[in-house]
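Me: I have a structure open and want to go through its side-chain contacts. Can we take them one at a time?

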Amino acid sequence: MSDERPYVSPADDPPQLTFKALGLGVLLSIILGAANVYLGLKAGLTVAASIPAAVISMGVLRLFKRSTILENNIVQTAASAGEALAAGVLFTLPALVILGVWDHFDYWQTTIIAALGGLIGVGFTIPLRRALIVSAKLKFPEGVATAEVLKIGDKAGADLLPLVFGALAGALFKIGETGLRLWTDAAHIAGRIGSSVGYIGMTVAPALVGVGYIVGLNIAALVFIGGAINWFIAIPIVAAMHGDTNDAAADVAWSIWRTQTRYIGVGAMVVGGLWALIRLWPSLVEGIGAGLALYRKSRDADAATPNRTEMDAPLPWIFGALALSVIPLYFVFEHVTHDMGIAAIMALIMLIAGFLFSAVAAYMAGLVGSSNNPVSGVTIATLLTAALLLLALGVSEATGPTAAILIGAVVCCAAAIGGDNMQDLKTGHLVGATPWKQQIAQCSGVLAGSFVMAPVLTLLLKAYGIGPIAVAGQTPLPAPQSTLMASVAKGVFARDLPWTMVLIGAGVAIGVIVLDVMLEKKRAAFRAPVLAVAVGLYLPLDLGVAMMLGGVVAYAADRFHLRRSQREEAQGELQATMDAMREIGARNGLLLAAGLITGEALLGIGLAIPLVIDEGSNPMAIGPEHPPSWPGVVLLVGVVVMLYRAATRGKRNTGN
């Protein structure tokens with residue numbers, strides 16, 4: 001649904017990495033990163049910042065006499081790093097507080113882990129740019145959506161209307177749900193089936209419908225299938241084995257998912273990640289080789305200068321920076337564990353896992369977008385692997401969980417930034433940016449965001465408490481990912497993890513890989529990339545259902561245009577006219593979907609401010625203590641109808 005030709009010609013070189021663009025990007029990285037720390041600890045998720053940052057940038061930079069689309073791209077690249085880094089930090093480091101290793105968030109240790117973990121993520125994914133964006137041409141739904149936002153904002157024409165309508169719908173929806181609390185953010189039906197339970201639910205979120213539309217039916221269906229395997233098969237079987245209980249059916253299903261069947265997704269991600277790396281290896285080697293060749297050419301005075309859109313940061317610099325980053329991390333590991341040998345082993349595991357899972361996160365961002373990129377699942381896989389290796393090397397239960405979490409923290413920051421970096425580079429590829437300038441902006445955003453992580457975390461810990469650590473008169477922030485990380489790290493050394501579930505997930509992944517290879521040989525239109533299924537296995541079913549809804553809308557709109565083309569071809573219409581109408585409809589749908597993500601993301605960040613100011617309570621809430629779900633469902637149906645109509649409303653010839 002997107003044009004792969006650069007919006008700005010490689011032959012042109014308008015301003016990009018200017019002081020005003022970089023300054024605004026760094027400021028937004030700090031603000032969005034801090035806001036997302038609170039949201040992540042409270043809700044277990046963060047709000048993707050690329051599109052909101054692009055919208056804010058277009059509004060601010062228009063105040064200057066001259067600004068370019070590539071400057072706006074630099075702003076969103078730097079700004080999105082703060083949100084991604086917040087996810088990497090808050091999913092892991094609070095686990096050290098939960099385990100009692102820390103009583104506060106040490107400023108320099110937290111800052112070093114965040115900064116170097118993020119920079120490692122940027123460095124490891126730069127050689128992947130050619131493999132995943134130029135060669136593989138993955139969807140990168142939010143990267144595509146951000147590019148469309150930037151293009152339409154640059155043109156400032158009538159085509160902006162679908163984006164505006166989508167943003168208003170997403171924003172109003174978020175105000176009604178999170179701000180006014182008129183309805184809940186999820187709807188579900190659960191009940192007893194003999195001694196077992198049945199559950200189906202959906203997150204009532206226009207943004208997820210928009211993501212499903214952008215990724216298309218194939219990927220959305222695979223995410224849903226993964227969720228269906230877990231919630232329709234695994235959970236009922238486990239519930240039946242445990243026998244009848246007095247708890248509500250929904251509570252039983254969620255408890256089983258949190259404590260047992262979620263690990264099916266972990267096992268699938270480990271196998272899927274290894275398979276993705278195997279499949280990516282030829283392209284990765286080719287990409288690294290091409291980067292080195294380009295670097296050698298750049299040092300040859302007689303060689304032709306390559307297009308600026310092909311120029312990444314020089315690989316020797318990247319490899320040198322990666323090597324140097326290990327030194328301060330080693331000293332952090334040694335300071336916490338008080339063991340030089342363990343610290344050295346941790347540094348080695350961190351480098352290997354950082355490369356592996358940065359690549360996996362970058363690949364998954366290409367499939368499902370950075371908002372739905374299960375970085376916490378990648379981190380759990382890292383924790384499992386690191387903890388098992390440390391356990392095999394004789395590391396004690398007293399030191400092992402801490403060591404595993406520190407490795408996981410660096411890798412989680414690297415993976416979060418890796419996925420975000422690749423998403424931003426996809427946007428740059430579409431708008432015609434210079435890659436190395438974007439990579440500098442990403443590093444600047446990482447460094448800026450890293451300096452505010454520890455103060456914000458410590459403030460929230462003292463104000464509300466985190467996980468099981470309570471503060472008098474306040475409800476602790478749940479920090480679901482960090483609580484799970486602490487359980488995994490401790491459980492490996494206590495030998496009480498649900499290994500059966502992990503192995504089942506590995507088996508499911510192998511089956512999906514075999515199926516996809518068969519589909520590939522048959523040149524089937526429908527494919528089954530294993531990581532998309534693994535995402536569904538790990539995430540709550542509610543998210544997959546909402547994405548599936550968007551995928552169905554995309555498929556239905558495409559079929560509508562196909563039937564109209566066939567009908568009008570029989571009536572003698574020109575093929576070029578039909579193709580143009582189909583492209584306009586697809587573009588309108590893409591813009592509206594991007595607007596749904598934009599509006600909800602902007603308000604999700606904005607609503608965090610009064611929550612923090614009012615110490616966690618919601619001063620805007622006017623709904624009942626336990627809001628219903630049906631108003632949100634009804635309104636979401638309206639959003640789906642609006643999206644379908646936008647995607648099928650290609651402009652007609654005069655008189656039609």
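Me: Is R181 buried, partly exposed or exposed?
Reply: Keep in mind that this is a predicted model. R181 has a relative accessibility of 28%. Buried needs under 20% and exposed needs over 50%. R181 therefore counts as partly exposed.

Me: Which residue forms a salt bridge with R181, with the closest N and O atoms 3.6 Å apart?
Reply: The partner has a relative accessibility of 8%, so it counts as buried. K174 is also linked with this partner and R181 in a network of salt bridges. The residue paired with R181 at 3.6 Å is E177.

Me: How many salt bridges are there by this rule?
Reply: The rule asks for a Lys or Arg side-chain nitrogen within 4 Å of an Asp or Glu carboxyl oxygen. R129 and D312 pass, with their closest N and O atoms 2.7 Å apart. The count comes to eight.

Me: Why does the salt bridge of K20 with E71 tie together parts distant in sequence, and how many residues apart are they?
Reply: The closest N and O atoms of K20 and E71 are 2.8 Å apart. K20 lies in helix α1 and E71 in helix α3, so the pair ties together two parts of the chain. K20 is partly exposed at 25%, whereas E71 is buried at 1%. The separation in sequence is 51 residues.

Me: Which ring does the charged end of K20 sit over?
Reply: K20 does more than pair with E71. Its charged end is 5.6 Å from a ring centre, and the cut-off is within 6 Å. The ring belongs to F64.

Me: Is the aromatic pair of Y199 and W231 stacked, tilted or edge-to-face?
Reply: By this rule there are eleven aromatic pairs. In the pair of Y199 and W231, the centres are 5.0 Å apart and the planes are at 40°. Stacked needs under 30 degrees and edge-to-face over 60. The pair is therefore tilted.

Me: Which residues form one aromatic cluster with Y199 and W231?
Reply: Y199 is buried at 6% relative accessibility, and W231 is buried at 1%. Y199 is in strand β2 and W231 in helix α9. The other members of the cluster are W254 and W257.

Me: Where does α15 bend?
Reply: Helix α15 runs over residues 435-463 and reaches 41 Å, close to the 42 Å expected. The bend is about 30°, and P455 follows within four residues. The bend is at M453.

Note on methods
Residues numbered from 1 in each chain as written. Predicted model: local features only at pLDDT ≥ 70, side-chain atom pairs only at ≥ 80, totals over all residues. Heavy atoms only, no water. Expected span 1.5 Å × (residues − 1). Bend = angle between axes of the 7 residues up to and from the residue. Phe/Tyr/Trp six-rings, centres within 6.5 Å; stacked < 30°, edge-to-face > 60°. Buried < 20%, exposed > 50% of the residue type's maximum accessible area, 1.4 Å probe, protein only. Lys NZ or Arg CZ within 6 Å of the ring centre and 35° of its normal.
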